Amino acid sequence: MKNKLDRYEYNKKSNFIIQEGKDLFKKTKGNWSNIFHNKNPLYLELACGNGEYTVSRSIENKNNNYIGIDIKGSRLWKGAKLLELNNCKNALFLRIPIEQITDFFSENEVNEILISFPDPRPKKRDFKKRLTNENFLLLYYNILKDGGKVLLKTDDPHLFYYSIDQIKTSKFKILDYTNDLYNSSKFESHKMIQTKYEKRFLKEGKNIHFLECLK
């Protein structure tokens, strides 16, 4: 418990985490170019956990801005520490529930959204909480620029095919997908970063499913 409390205290003081109680918390919508002091493309990682993608991509691509979004502060702590260690100027974490995303981003403000290994929510009563449910897809559509993308990476085939069905009835257009990312000749850039969970799934012999769709 003390470890969690220490992390929460760090988060309160960290310049790499925007959360309730901080000055910027209610001032982000339509304001991200001012927050980052540039007009570079904006990439989101939803349900980011420790933020492996946000951290790694921000270090490799200085000409883009990255935001990892999650509600669990004890996880964001780890990513924030890494951003601090690497003195990153182009990445932040935002601690909010995903369903509130349109309160923090304006229409046509985001270039890409990555949903990486989200909770599959296997019970039917929880399908509406899946991050690829039609209601969430509508939120993403509103904040994405024309030509913006939503990417999904998951080990769960049921969630994957559910997501395809949801996307087909949405305003998005499916560009491409694979049921076995690491045996595919495509999507090379999306094989380069692996989360803790992805490494575990691969070790267990699970296929990684990947898709991208376009606004």
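Let me begin with strand 2, which is joined by four bridges to strand 5 (residues 110-116), the two running parallel, and within that pairing Leu44 has Ile113 of strand 5 as its bridge partner. I should say at once that what we have here is a predicted model.

Strand 2 also pairs with strand 3 (residues 65-70), again in parallel, through five bridges, and there Leu46 stands opposite Ile69. Between these two strands we have helix 3 (residues 52-60) to consider, since strand 2, helix 3 and strand 3 together make a right-handed β-α-β unit.

How many of the residues of strand 2, which spans 42-46, are buried? Five of the five are, and both faces are covered, with Leu42, Leu44 and Leu46 buried on one side and Tyr43 and Glu45 buried on the other.

Now to the pockets. The largest pocket holds about 840 Å³ of space, and among the 35 residues that line it, Ala47, Asp70, Arg75, Pro118 and Asp119 lie nearest its centre. Helix 3, helix 4 (73-85) and helix 7 (196-203) are the elements that give two or more residues to this lining, and helix 7 gives the most, with four. By residue class, the lining of the largest pocket comprises 14 nonpolar, five polar and 16 charged residues.

The second largest pocket holds about 360 Å³, and of its 15 lining residues, Asn15, Phe16, Leu24, Ile35 and Leu92 are the closest to the centre. Strand 1 (17-18), helix 2 (32-36) and strand 4 (91-95) are the elements that each give two or more residues to that lining, which divides into nine nonpolar, four polar and two charged residues.

Definitions and conventions. Residues numbered from 1 in each chain as written. Predicted model: local features only at pLDDT ≥ 70, side-chain atom pairs only at ≥ 80, totals over all residues. Heavy atoms only, no water. Buried < 20%, exposed > 50% of the residue type's maximum accessible area, 1.4 Å probe, protein only. Pairing = 2+ DSSP bridges. Right-handed = clockwise from strand over helix to strand, strands pointing away. 1 Å grid on protein atoms, 1.4 Å probe; cavity = no way out; pocket = protein on both sides within 12 Å on 5 of 7 lines; lining within 4 Å. Points joined across faces, edges and corners; volume = space filled by probe spheres on them. Nonpolar A, V, L, I, M, F, W, Y, C, P; charged D, E, K, R; others polar.
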